[in-house]
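Colleague: I'm new to this structure and would like a close look at a single part of it. Please pick one helix, stay with it for a while, and then follow its neighbours outward.

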Amino acid sequence: MKRARWYLVMGAVSALMVGAQSTLALASTAPGLGTAESYAVLAGMPSITNTGNSVISGSVGISPAAAVTGFPPGLVNNGTIQKGTAPAGTAKTDLTAAYGVAKSSPCNFNKTGKNLGDLTLTPGTYCQTTAPTLTGTLTLSGNGVFIFQIGSTLATAPGSRIVLRNGAQPCNVFWQVSSSATLNTTTTFVGTIMALTDIRVSNGVSIAGRALARNGTVTLIDDRITVPTTCPGVPGSGAVSSSTIAGLPRVPLALACLVAGAGLVIGSTGGMRRRRVGQR
């Protein structure tokens with residue numbers, strides 16, 4: 001009878017461990033940007049065009065084309081302008097690789113046909129096979145990686161915004177866009193946009209992230225783009241952080257009682273040992 005209880009408890013513990021591992025497996029992994037990480041704006045063809053007093057905190061690069069206009073009056077802080085240079089070409093190669101990683105991330109939540117505005121989302125990979133619109137406020141809540149897979153174009157409504165809560169960070173938000181992206185007037189946006197073709201940033205937009213266009217152009221009009229600082233200990237990056245461990249399921253009271261009933265005691269080192277008959 002005692003042996004049967006022992007096997008029952010060990011089976012329950014094994015199931016709990018498998019469930020915990022499955023939970024961790026669902027965490028999305030941040031696509032490494034490589035040398036593209038230092039770029040606030042990156043484009044392919046035919047140009048990067050700025051109108052007005054845009055302020056870009058990070059590098060601006062284009063490859064294979066070499067046309068960048070509007071700087072000045074646009075200002076580039078904490079970076080350089082790379083026009084058809086080898087570093088810009090390397091950054092484009094790294095962008096292509098990161099785009100592929102983001103696109104292949106397993107979909108955790110299907111939001112096809114839904115407006116992202118007025119939603120509160122937790123870390124994970126969100127897929128939309130249609131062209132979504134962000135109207136209103138999108139709230140990202142939690143310290144983890146957010147990947148948005150957009151099957152067509154990405155568009156925001158005027159005045160829309162993204163806000164972060166509960167440890168969410170701009171460096172952990174990625175938008176993989178299978179076509180073009182358009183951020184409408186006075187949008188407050190968060191995350192790294194990796195678009196296959198063009199990125200149009202309308203008047204008065206602020207981005208805590210990046211505007212990276214693989215094959216197209218980037219157009220700016222009196223905007224603010226700031227490259228986020230690197231996230232330390234990104235959950236889902238392969239290293240288990242303290243926040244990840246804290247998120248593991250706790251042992252239910254019923255399981256603890258079952259363990260005690262099966263004749264197990266927890267040692268001071270955290271291991272389990274069999275209690276002998278008659279031992280107190």
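Modeller: Let's take helix α2, which runs through residues 86-103. Its 18 residues reach 26 Å from the first C-alpha to the last, close to the 26 Å expected at 1.5 Å a residue (that expectation is 1.5 Å times one less than the number of residues). Helices here are DSSP runs of H or I with at least four residues, strands are runs of E with at least two, and both are numbered from the N terminus. Keep in mind that this is a predicted model, where local features need pLDDT of at least 70 and side-chain atom pairs pLDDT 80 or more, while totals for chains, interfaces and linings use all residues. Residues are numbered from 1 along each chain as its sequence is written, and side-chain values use heavy atoms, leaving out hydrogens and water.

Now look at which side of α2 is covered. Ala88, Ala91, Lys92, Leu95, Ala98, Tyr99 and Ala102 are buried (under 20% relative accessible area, with over 50% called exposed and anything in between partly exposed, using a 1.4 Å probe and protein chains only). Seen down the axis of α2, these buried residues fall within an arc of 125°, so they line one face of the helix; the arc is taken from the directions from the axis to the C-beta atoms. On the face turned away from that buried side you'll find the exposed residues Ala86 and Thr93.

Zoom in on Ala91, one of the residues of α2. Ala91 is buried, with a relative accessible area of 0%. Leaving aside neighbours within four places in sequence, Ala91 is in contact (heavy atoms within 4.5 Å) with Thr35, Ala36, Tyr39 and Leu42. Gly61 sits 30 residues from Ala91 in sequence, and their C-alpha atoms are 8.3 Å apart.

Two of those contacts, Tyr39 and Leu42, lead us to strand β1, residues 39-43. Val41 is in that strand too, and Val41 is buried, at 1% relative accessible area. Apart from residues up to four places away in sequence, Val41 touches a long list, including Ile48, Ile56, Gly61, Ala211 and Leu220. The C-alpha atoms of Val41 and Arg210 are separated by 6.0 Å, though their positions lie 169 residues apart along the chain. After β1, the loop on the way to β2 (48-51) holds Pro46, which is joined to Met45 by a cis peptide bond with omega of about -10°.

Back to α2 and its buried Tyr99. Arg214 lies over the face of the Tyr99 ring, 4.8 Å from the ring centre (this takes NZ of Lys or CZ of Arg within 6 Å of the centre and within 35 degrees of the ring normal).

Tyr99 is also touched by Gln176, which has Ala102, Lys103 and Phe148 among its other contacts. Gln176 is in strand β16 and is buried, with a relative accessible area of 2%.

That strand brings us to the aromatic rings. Rings of Phe, Tyr and Trp (its six-membered ring) pair if their centres lie within 6.5 Å; planes under 30 degrees apart are stacked, over 60 edge-to-face, and the rest tilted. By this rule there are four aromatic pairs. In one of them, the rings of Phe109 and Tyr126 have centres 4.8 Å apart and planes at 25°, so the pair is stacked. Phe109 lies in strand β8 (residues 109-110) and Tyr126 in strand β10 (residues 124-128), so the pair ties together parts that are 17 residues apart in sequence. Phe109 is partly exposed, at 33% relative accessibility, whereas Tyr126 is buried, at 3%.

Phe148 and Trp175 form another stacked pair, 4.1 Å centre to centre with 10° between the planes. Here Phe148 comes from strand β13 (residues 146-150) and Trp175 from strand β16 (residues 173-177), so this pair ties together parts 27 residues apart in sequence. Both Phe148 and Trp175 are buried. Put Phe109, Tyr126, Phe148, Trp175 and Phe189 together and you have one aromatic cluster.

Finally, step back to the whole chain. The protein has four helices and 24 strands, and 41% of its 280 residues count as buried. Among contacts with a separation of 6 or more, 46% are between residues 24 or more positions apart.
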